[in-house]
Amino acid sequence: MGSVTEQTPTATELGRFLRARREGLRPEDVGLPPGTRSRRTPGLRREEVATLAGVSVDYYTRLERGRENRPSPAVVDALARALRLDGETHDYLKALAAKAVQRAPVPPSPRSRSVRPTARLLLNTLRPNPAYVVSRTYDILAANQGGERLHAGLADWPARQRNTIRYTFLHPAARHLFPDWDRKARRCVAQLRGIVGSDPDDPDAAALIGELLVKSPDFGALWNKYEVTRAGVGDRAFRHPLVGNMTLAHETLDLNRADGQRLIVYLAEPGTPDHDAMLLLDRVDLESAV
């Protein structure tokens, strides 16, 4: 994971994760009394986590400080329980621990940005539903008409820069487009954490994270929370400058043998105002709309 942030050893990244999660918990979250002694740092103390996990304070301290990088699977599971990690975040911790013991990481092969002709045909078949194909790190590689227009203003960027996470944090139109921008931004970062947890040496992820850490204080603050999730389903609200307000459901589907590429499709119930807005987004003449 060190190649993704500040070029630090993976053991240090493991320690930073543990510290961030420890500081995000209150004693009452884990069944401990709040206590009356003032706390110099937020969250749980190291000795409290060590006690909950059944390890020595010295051992846990060495884990946080990067001086110990070989926690056993049993210790990793115990730490996950002590820190109240959910399934996805537990998997992330296990990936960090496994990466920490590797002495000579194998350089990853470049990921293909080529989208199969059949996938492009599928995009057009899905119209009027907005749809696009993204890379593992959310670069938009191909889109149908509605998919191209869904992220207002994204087409103004060069093709290589069109990334939905970059758009969320750096495009001036994003905070207007997403009425729930704070929730959307938090989920973007948690999804990116999940990606680098399973492949910390991914150069595309490293470049994206490095850029956002430099250009977006909001991204940096969320990145340091170490929240983890995977792409999911649900509704997404848009305040679109061309078609107005709409709330669309979305599905994310893996493309077979496509180097991590996924198809994202947006949908609405026929006959609803949201469906009408979606139809309009697919048909509207952009030149007359400007």
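This report covers the overall fold, the nonpolar cores and some backbone details of one chain.

**Overall picture**

The model is predicted. The chain has 290 residues, and 48% of them are buried. Its secondary structure comes to 14 helices and 5 strands. Take the contacts between residues at least 6 apart in sequence: 59% of these join residues at least 24 apart. The chain exposes about 14,700 Å². Carbon and sulfur atoms supply 51% of that area.

**Nonpolar cores**

In soluble globular proteins, nonpolar side chains tend to be buried together. Here the largest nonpolar core has 66 residues. L18, L79, L93 and F169 have the most contacts inside this core. Helix α10, residues 181-198, gives the most to the core, with 7 residues. L18 shows what such packing looks like in detail. Leaving aside residues up to four places away in sequence, L18 touches Y60, L63, E64, L79, L83 and L93. Two of these names, L79 and L93, also appear with L18 in the list of residues with the most contacts inside the core. Another core, of 11 residues, lies apart from the largest one. Its members include V115, L123, V133 and L263.

**Helix α2 and its end**

Helix α2 spans residues 46-53. Its buried residues are E48, V49, A50 and A53. An α-helix has 3.6 residues a turn, so residues three or four places apart point the same way. After α2 comes G54, with a positive phi near 75°.

**Backbone exceptions**

Most residues other than glycine have a negative phi, and most peptide bonds are trans. The exceptions below sit in loops.

| Site | Backbone value | Loop |
|---|---|---|
| R127 to P128 | cis, omega near 15° | P128: between α6 (117-125) and β1 (131-134) |
| Y226 | phi near 55° | between α12 (217-223) and β3 (234-240) |
| R257 | phi near 45° | between β4 (244-254) and β5 (262-267) |

Y226 and R257 both have a positive phi without being glycine. Which of the two is buried, and which is exposed? Y226 has 4% relative accessibility, under the 20% cut-off, so Y226 counts as buried. R257 has 84%, over the 50% cut-off, so R257 counts as exposed.

Notes
Residues are numbered from 1 along each chain as its sequence is written. This is a predicted model: local features need pLDDT of at least 70, side-chain atom pairs count only at pLDDT 80 or more; totals for chains, interfaces and linings use all residues. Side-chain values use heavy atoms; hydrogens and water are left out. A nonpolar core is a set of buried Ala, Val, Leu, Ile, Met, Phe, Trp, Tyr and Cys residues joined through side-chain atoms within 4.5 Å. Buried means under 20% relative accessible area, exposed over 50%, partly exposed in between (1.4 Å probe, protein chains only). Helices (H or I, at least four residues) and strands (E, at least two) are DSSP runs, numbered from the N terminus. Contact means heavy atoms within 4.5 Å. Accessible areas come from the Shrake-Rupley method with a 1.4 Å probe; for residues, only the protein chains shown count as cover.
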